[in-house]
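Biologist: I'm new to reading protein models, and I'd like to learn how the labels are earned. Could we go through this one together?

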Amino acid sequence: MKNLLLIAMSLMFSIAVHAQKDVTQFLGIPVDGTKSEMIQKLKAKGYRSNPYNDFLSGEFNGRDVYIQIMTNNNKVWRIGVVDSNSDDEKNIQIRFNNLCEQFKNNSKYVSLEDYSISDEEDIRYEMNVKNKRYQAIFYQKPENIDSVALKKEITAILLSKYSEEQLANPTEEMQSDMLKLSLEYMTEKLSKKTVWFMIDGKYGEYRIIIFYENEYNSATGEDL
């Protein structure tokens with residue numbers, strides 16, 4: 001059982017014990033608080049108000065971008081980063097793959113899949129005819145780590161389904177299910193600090209949109 005938990009933790013890295021205080025960050029700024037507070041913090045980073053819309057404008061990761069701030073119940077829950085200038089099909093594929101590599105090689109993030117696009121992929125056809133969405137999902141690693149508390153939390157979840165004797169001597173089928181339950185728990189924790197990006201394409205022009213989301217502030221149907 002000890003080895004099973006270690007495998008799960010190594011696959012998913014570390015989880016914050018006090019996750020509510022450990023929210024997604026954009027440029028070191030917590031994706032939280034009011035919109036006006038976020039605007040002032042971004043302006044302190046050099047971003048400028050846009051006279052034509054509600055976006056801020058500036059440079060991000062070597063590109064000119066627009067920054068959109070989205071709120072729920074007056075709390076910021078998402079920062080959207082949109083390319084100011086478009087790319088053609090080939091260049092957007094290169095950019096998408098480069099971003100995948102940059103996030104993958106950044107120690108602040110973890111991902112569960114390889115989202116890179118193959119050279120043979122016809123992006124225009126797949127998006128226009130098959131309505132395919134090209135997106136990649138990453139999770140910011142927590143800053144506060146307590147592996148002992150994490151092990152206790154996972155053990156409690158497993159004990160709700162299995163006895164202590166079964167945890168001590170699980171069958172192969174049980175081990176597989178226990179690993180699945182552990183990963184589902186940790187994935188749910190990680191999903192609160194989601195950063196994902198997608199290709200947006202219109203009329204042969206393509207842009208990357210990156211979203212930094214604090215799921216603790218997202219809508220859960222409370223206004224319905």
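Modeller: Gladly! Let's begin with a term: a cavity is a set of grid points where a 1.4 Å probe fits but cannot get out. Keep in mind that this is a predicted model. By that rule, there are two cavities of 30 Å³ or more.

Biologist: What makes up the lining of the second largest cavity?

Modeller: That lining consists of Met127, Asn128, Gly201, Lys202, Tyr203, Gly204 and Tyr206. Helix 4 (123-128) and strand 9 (193-202) each contribute at least two residues to the lining. The volume of this cavity is about 40 Å³. By residue kind, its lining splits into three nonpolar, three polar and one charged.

Biologist: And the largest pocket: how much space does it hold?

Modeller: The largest pocket holds about 390 Å³. It is lined by 19 residues, and the closest to its centre are Asn106, Lys108, Tyr109, Gln140 and Tyr212. Strand 1 (25-26), helix 3 and strand 10 (205-214) are the elements giving two or more residues to that lining. Helix 3 gives the most, with three residues. The pocket lining divides into eight nonpolar, seven polar and four charged residues.

Biologist: Let's stay with helix 3. How do you know that its length agrees with what a helix of 17 residues should span?

Modeller: We set one value against another. The expected span is 1.5 Å times one less than the number of residues, which for the 17 residues of helix 3 (residues 89-105) gives 24 Å. The end C-alpha atoms are 25 Å apart, so the two values agree.

Biologist: Which residues of helix 3 are buried?

Modeller: They are Ile92, Gln93, Arg95, Phe96, Asn97, Leu99, Cys100 and Phe103. Here is a handy rule: an α-helix has 3.6 residues a turn, so residues three or four places apart point the same way.

Biologist: Why is Arg78 called buried?

Modeller: The cut-off for buried is under 20% relative accessible area. Arg78 has 16%, so Arg78 counts as buried. Arg78 sits in strand 6 (residues 75-83), and its side chain makes a polar contact of 2.5 Å with the side chain of Glu213. Beyond its neighbours within four places in sequence, Arg78 is in contact with residues including Val31, Gln68, Trp196 and Phe211.

Biologist: Why does Asp177 count as buried?

Modeller: The reasoning runs along similar lines. Asp177 has a relative accessible area of 18%, and buried means under 20%, so the label fits. Asp177 lies in helix 7 (residues 172-190). Leaving out residues up to four places away in sequence, Asp177 touches Lys161 and Tyr162.

Biologist: What makes the phi of Asn61 worth a look?

Modeller: Most residues other than glycine have a negative phi. Asn61 is not a glycine, yet its phi is positive, about 50 degrees. Asn61 is found in the loop between strand 4 (56-60) and strand 5 (63-72). Asn74 also has a positive phi, near 65 degrees, and is placed in the loop between strand 5 and strand 6.

Biologist: Why is Asn61 called partly exposed, and why is Asn74 called exposed?

Modeller: Exposed means over 50%, and partly exposed lies between 20% and 50%. Asn61 has 48%, so Asn61 is partly exposed. Asn74 has 64%, so Asn74 counts as exposed.

Biologist: How many helices and strands does the chain have?

Modeller: The chain has seven helices and ten strands. Buried residues make up 41% of its 224 residues.

Terms used
Residues are numbered from 1 along each chain as its sequence is written. This is a predicted model: local features need pLDDT of at least 70, side-chain atom pairs count only at pLDDT 80 or more; totals for chains, interfaces and linings use all residues. Side-chain values use heavy atoms; hydrogens and water are left out. Helices (H or I, at least four residues) and strands (E, at least two) are DSSP runs, numbered from the N terminus. Buried means under 20% relative accessible area, exposed over 50%, partly exposed in between (1.4 Å probe, protein chains only). A polar contact is a pair of N or O atoms within 3.5 Å; within protein, one must be able to donate a hydrogen and the other to accept it, and residues adjacent in sequence count only if both atoms are side-chain atoms. Contact means heavy atoms within 4.5 Å. On a 1 Å grid over the protein atoms alone, a cavity is a set of points where a 1.4 Å probe fits but cannot get out, and a pocket is an open set with protein on both sides within 12 Å along at least five of seven lines; lining residues have an atom within 4 Å of a point. Grid points are joined across faces, edges and corners, and a volume is the space filled by probe spheres set on the points. Ala, Val, Leu, Ile, Met, Phe, Trp, Tyr, Cys and Pro count as nonpolar, Asp, Glu, Lys and Arg as charged, and the others, Gly among them, as polar.
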